[in-house]
Amino acid sequence: MKKIYARTATLALATLLGLPALAIETGQAAPDFDLAGRLAAVKLSDYKGKTVYLDFWASWCGPCKQSFPWMNDMQTRYGAKGLRVVGINVDQKTDDAKAFLTDTPARFDVAFDQAGKTPRSYAIKGMPTSVLIGPDGKVLMVHSGFKDEHRADLERQIKQAMNLKD
Amino acid sequence: MNRTILSLLAITTLSWLGGCSNLGQVNAWDKGNLAKPMMTFEGDPLDQRFVQHIYASKENSSGGYGVGGGGCGCN
Amino acid sequence: MKKSNINGSQTATGVLLASLVLPGLAALAAITPLGAAAENAPEKTTIAIKYGHYNDSQPGWDRIKVDAAQVYVQAPIAGDWSIEASGVSDNVSGASPRWHTQNTALSGASHMSDERKAGDVKVTRYLARAAVSASVAISKEHDYTSNALGLDARWSTDDNNRTWTVGFGSASDTIDNTYSGGSTAINRHKSTNEFMGGVTQVLTPTDIVQFNLTRSLGSGYFNDPYKSYDQRPNQRDIWIALARWNHYLEKFDASLHSSYRNYSDTFGVQSHTLGLDWVQPAGRWTFTPGARYYSQSAANFYLDPILDAQGQYDQPAVVARANTNNLHGSNQSTDQRLAAFGAITLSMKVSYAFTPNTLADVKYESYRQTAALHLGGSGSPGLDPFNANFIQVGLTHRF
């Protein structure tokens with residue numbers, strides 16, 4: 001009951017202040033997206049049945065640089081088991097994103113969202129933000145930022161999502 | 001007197017932020033330009049030390065610059 | 001033995017010290033990791049060195065020269081911590097007046113050289129939405145020592161559009177000029193506590209502003225022991241309000257930095273400082289022209305020079321007045337730094353990035369201080385204009 005009050009109050013306040021709606025929450029259906037990728041279009045619906053680790057990144061975001069090697073690692077290790085890491089770039093100039101990718105390669109799917117439609121639909125609050133989506137399309141986890149010490153916990157949540165033993 | 005005016009101005013400006021639509025509510029993904037090094041308040045750490053050093057010895061006001069903050073919205 | 005005027009009140013380098021390390025907050029507060037926002041330790045270690053040279057000129061006086069070498073290091077530690085440290089070694093040489101600066105005849109000229117060494121360390125702990133720092137700073141020269149500590153914290157809203165900061169600093173100084181033969185300041189003390197609160201607000205994708213309010217409470221020995229009959233209050237409380245704005249211009253891919261600082265203290269000095277810088281990247285180069293305007297009112301115990309019927313400096317009258325004040329125990333000073341004047345600085349900084357992590361920079365500034373530049377036009381009478389040039393050359397490397 002208290003939780004509902006808190007949520008309603010926050011929503012009311014957020015609306016009053018014109019703030020974007022609360023960031024996407026666990027349990028909600030992950031909003032679809034249809035964006036240009038490096039080779040072909042990248043759509044959330046294409047990943048149905050897979051566990052998706054969705055990461056919002058930009059060339060200007062410091063922690064993003066640190067997260068890429070880890071995301072590459074996750075994709076390599078759990079790809080066969082059904083994990084798909086998808087990086088959604090929000091740079092206004094795609095050239096900046098491409099320069100970043102030259103220095104910091106991504107061995108996972110990358111989509112470009114210059115207009116910022118996807119981060120808006122997910123109402124993300126900070127950069128980077130990652131969203132773990134289960135095979136049923138529901139949000140399992142939302143994580144802000146990236147620090148070395150988060151790696152273990154994030155990996156554990158990924159494995160849990162795929163019903164793998166820790 | 002001037003300090004009071006300045007503080008009042010600061011408070012008023014911040015209060016207006018709720019009213020003016022979208023002023024002060026910048027989306028995380030729109031902060032690319034704010035993240036650029038040229039948009040920080042301090043920049044070169046040694047530059048200002050030397051300069052403020054000199055001003056403090058030639059004038060009677062020093063300090064007030066405090067800490068920086070804000071910026072790219074990176075978590 | 002006279003001390004260089006560059007170092008101003010108290011002692012040669014005392015004031016530099018005092019201002020720089022005072023109280024730890026002032027020196028270290030300006031150091032924020034590049035692109036600091038919500039709270040991550042810096043990704044790389046930064047090392048920077050800088051050499052600065054200053055010289056000034058005032059009619060009738062020999063040049064004051066200062067050479068300063070500085071070094072700075074910032075490194076991340078264990079993921080959620082960082083440490084910053086810096087050191088400076090200054091060499092000052094020149095001469096300074098005992099009375100009003102235009103009174104060369106009485107004050108004579110004697111050269112001296114002094115050295116100051118200062119260092120500071122700051123440790124920061126990064127949390128999810130906040131960061132906390134603690135710092136210590138020490139500065140030493142033969143007649144002035146300062147020890148300072150600082151504590152500050154900052155925290156950001158969820159959307160990182162607003163960051164609040166609070167800080168506290170405390171400095172404890174000892175002034176002792178017995179070595180120089182002057183016996184006016186033997187083992188004197190001064191302590192200062194400073195409180196600061198501020199907010200940084202992102203306004204638009206191209207604008208960020210900051211407001212800071214500082215309150216400083218100082219008590220102890222404020223006299224300049226190298227100036228004759230200099231008697232200042234034993235307390236100095238200050239209010240400082242600062243507003244800054246950085247604006248990004250897409251058209252030029254440049255940013256415009258503006259700032260205004262309002263200062264007032266219980267010595268009666270009120271000042272305005274207006275700063276403007278244009279930061280223009282161009283490939284690996286960055287050009288930053290800048291301008292600064294400063295204006296201050298005189299301290300309420302500052303005494304103008306007295307001129308005789310011929311318009312010449314009337315030394316006997318000045319001394320007589322000083323004696324009278326002295327007898328009454330009144331505060332008084334003929335220190336030009338406490339007069340009403342204005343000043344303009346024009347600067348140009350050029351930096352070159354050999355790689356995204358290695359940068360060299362050169363900055364030249366030209367400073368002019370006169371009574372006529374005082375806001376409103378009427379500064380203290382009888383002030384000689386003062387010009388100074390300073391140049392800095394530095395190298396920064398991140399790895």
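Let's start with strand E15 of chain C, residues 358–370, which runs antiparallel to E16(C) and is joined to that strand by twelve bridges. Strands here, and helices too, are DSSP runs numbered from the N terminus, with at least two residues for a strand (E) and at least four for a helix (H or I). Two strands count as paired if DSSP finds at least two bridges between them. Within this pair, Glu365(C) has Phe390(C) as its bridge partner in E16(C).

Before I go on, a word on what you are looking at: this is a predicted model, where local features need pLDDT of at least 70, side-chain atom pairs count only at pLDDT 80 or more, and totals for chains, interfaces and linings use all residues. Residues are numbered from 1 along each chain as its sequence is written, while chains are lettered from A and ligands numbered from 1 in the order in which they are written.

Back to chain C. E16(C) covers residues 386–398, and twelve bridges also join strand E1 of chain C, residues 46–57, to E16(C), again antiparallel. There, Asn55(C) stands opposite Asn389(C).

Now look at strand E8 of chain C, residues 188–204, and strand E9 of chain C, residues 207–220: they run antiparallel and share 14 bridges. How many residues lie between E8(C) and E9(C) in their hairpin? Two. Ser191(C) in this pair stands opposite Ser219(C). On E9(C) we also find 13 bridges to strand E10 of chain C, residues 235–249, antiparallel once more. Ser219(C) stands opposite Gln235(C) in E10(C). As general background, strands of a sheet pair through backbone hydrogen bonds, either parallel or antiparallel.

Taken as a whole, chain C has four helices and 16 strands. Of its 399 residues, 49% are buried, meaning that 20 or more other C-beta atoms, placed from the backbone, lie within 10 Å of the residue's own; 12 or fewer makes a residue exposed, and anything in between is partly exposed. Contacts are defined by C-beta atoms, placed from the backbone, within 7 Å of each other. Among chain C contacts between residues at least 6 apart in sequence, 62% join residues at least 24 apart.

How confident is the predictor? Its per-residue score is pLDDT, from 0 to 100. Chain C averages 84, with 83% of the residues at 70 or above. Among the elements of chain C, strand E13, residues 285–296, has the highest mean pLDDT, 98, and helix H1, residues 14–21, has the lowest, 32. Over residues 1–37 of chain C the pLDDT is below 50, and this stretch has 180 contacts in the model beyond near neighbours in sequence. Residues 102–110 of chain C also stay under 50, with 21 contacts beyond four places in sequence. For the complex, the predictor gives an ipTM of 0.83 and a pTM of 0.85.

On to chain A, which averages a pLDDT of 88, with 86% of the residues scoring at least 70. Here seven strands form an open sheet with mixed pairing, in the order E2-E1-E5-E4-E3-E6-E7. The edge strands are E2 (41–43) and E7 (139–144) of chain A, each pairing on one side only. Seven bridges join E3 (residues 51–57) to E4 (residues 83–89) of chain A, and these two run parallel. Asp55(A) has Gly87(A) as its bridge partner in E4(A). Helix H2 of chain A, residues 62–78, packs on the sheet, touching E3 and E4 of chain A, and its direction makes about 155 degrees with that of E4(A); such angles run from 0 to 180 degrees between N-to-C directions, with axes fitted to C-alpha atoms, for helices over the stretch in contact.

One residue to find on screen is Ala111(A), in strand E5 of chain A, residues 109–112. Is Ala111(A) buried or exposed? Ala111(A) counts as buried because it has 20 C-beta neighbours inside 10 Å. Beyond four places in sequence, its contacts include Leu35(A), Val42(A) and Ile88(A).

Last, the nonpolar cores, which are sets of buried Ala, Val, Leu, Ile, Met, Phe, Trp, Tyr and Cys residues joined through C-beta atoms within 7 Å. The largest has 49 residues, and Tyr53(A), Ala58(A), Val131(A) and Ile133(A) have the most contacts inside it. A second, separate core of 34 residues includes Val51(B), Ala48(C), Val66(C) and Tyr72(C). As for chain B, it has two helices and zero strands, and 63% of its 75 residues count as buried.

Definitions and conventions: Contact = placed C-beta atoms within 7 Å. pLDDT = per-residue confidence, 0-100.
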